[in-house]
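Here is a short report on helix packing, nonpolar cores and unusual backbone geometry. Read it alongside the model.

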Amino acid sequence: MAPQDALLGWDEDTTAEAYAAFTRAHPMYGSTSCDLARRAHLADSRLVVDLCGGTGATAEAILALAPADARVISLDNAPAMQRIGRRTLADPRLSWVTAPAEELAQHAPAGGVDAVVCNSAIWKTNISVVFAAVRRVLQPGGRFVFNVGGGFANVIHPDQQTGRIGPSLNTLIRQVAARDYGYTPPPVADRNGPKLPLETITEQLAATGLALVDTEVTAQHSTMAEKKAWLSIPVFARPDGDFTHAQRMDILAKAYAQTSPDAPTVTSWLVVVAEQPEGRP
Ligand SMILES: C[S@@+](CC[C@H](N)C(=O)[O-])C[C@H]1O[C@@H](n2cnc3c(N)ncnc32)[C@H](O)[C@@H]1O
């Protein structure tokens, strides 16, 4: 059985605190949230849903682009994440709803939502149920905008292929874990197998009746130092298997010592914009 701290999930204060600190210190979730909010066309919106909103980075981006009298519902099923959001993002326009994304339709008016934005989370949900719920709540013409991490969507931006100097931090982590802890990495196919490729998304949107408007593979440029900070968040710490968080941090420190903090890193995202067809009954 895996040790307790290998099972840490989103509803853990250690993960929630570390995640919130990371989003404050580093641009990753703020900039991907801004990108999605911009694509959602919020200028005339009155009600927007931040799906799987976590500690509120995406809600903040939505609030910055929506009209002053718009309301935002941030829905997430991890109370620990939302406790931090409630504490740090007190905006009267924002409501926090603790619920699974799959139950969205129970928490938003049918046909009454102008846009649904979901940053860095959709592949963790049951998409056939979530897409159907989005279809129920969106107004005609309302946008559903989300992204999928490149490893999960099986996409790589050209910058990620050309921009790398030396092995990735993940590769070094596996090497150190093998050397110092006898770790055996899973086969590459198991490690990086696509979980939500565009074909599945396209099929599911069509089955639900949402129209696909646009897709794009984007690149997020950062540094080895940011990647190390991200891999320190318990829910993202590696390698998988029977390690304590302290062991993972030991492995990370040794792997990171073989890199330089300013070395560029690139993360790919698949961005998807869908829409509620006009004239929906
Ligand atoms: C990487 S965080 C993203 C949070 C936020 N969108 C942001 O950009 O900072 C992923 C979030 O998805 C939430 N989540 C995962 N699966 C979920 C589900 N089925 N229903 C609701 N929330 C979910 C987690 O609790 C976590 O807060």
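Helices (H or I, at least four residues) and strands (E, at least two) are DSSP runs, numbered from the N terminus. Residues are numbered from 1 along each chain as its sequence is written. This is a predicted model: local features need pLDDT of at least 70, side-chain atom pairs count only at pLDDT 80 or more, and totals for chains, interfaces and linings use all residues.

**Helix packing**

The axes of H2 (residues 28-39) and H3 (residues 57-65) come within 8 Å and cross at roughly 45 degrees. That makes H2 oblique to H3. Axes are lines fitted to C-alpha atoms, for helices over the stretch in contact, and angles run from 0 to 180 degrees between N-to-C directions. Angles under 35 degrees count as roughly parallel, over 145 as roughly antiparallel, 65 to 115 as roughly perpendicular and the rest as oblique.

On the H2 side, the contact uses Tyr29, Gly30, Ser33, Cys34, Ala37 and Arg38. They meet Ala57, Thr58, Ala61, Ile62 and Leu65 in H3. Contact here requires C-beta atoms, placed from the backbone, to lie within 7 Å.

**Nonpolar cores**

A nonpolar core is a set of buried Ala, Val, Leu, Ile, Met, Phe, Trp, Tyr and Cys residues joined through C-beta atoms within 7 Å. Buried means 20 or more other C-beta atoms within 10 Å of the residue's own, exposed 12 or fewer, and partly exposed in between; C-beta atoms are placed from the backbone.

The largest core has 51 residues. Val49, Leu51, Ile62, Leu104, Val116, Val117 and Val134 touch the most other members. Helix H5 (residues 127-137) supplies the largest share of this core, six residues. Leaving aside neighbours within four places in sequence, Val134 is in contact with Leu104, Val116, Phe144 and Leu210. A second, separate core holds ten residues, including Leu169, Leu172, Val176 and Ala255.

**Backbone geometry**

Most residues other than glycine have a negative phi, and most peptide bonds are trans. The table lists two residues other than glycine with positive phi.

| Residue | Phi | Loop between |
|---|---|---|
| His41 | near 55 degrees | H2 and strand E1 (47-51) |
| Ser120 | near 60 degrees | strand E4 (113-118) and H5 |

His41 is partly exposed, with 17 other C-beta atoms within 10 Å. Ser120 counts as buried, with 20 C-beta neighbours inside 10 Å.

Which form does the peptide bond from Arg238 to Pro239 take, cis or trans? It is cis, with omega near 0 degrees. Pro239 lies in the loop between helix H11 (224-231) and helix H12 (245-256).

Note on methods: Contact = placed C-beta atoms within 7 Å.
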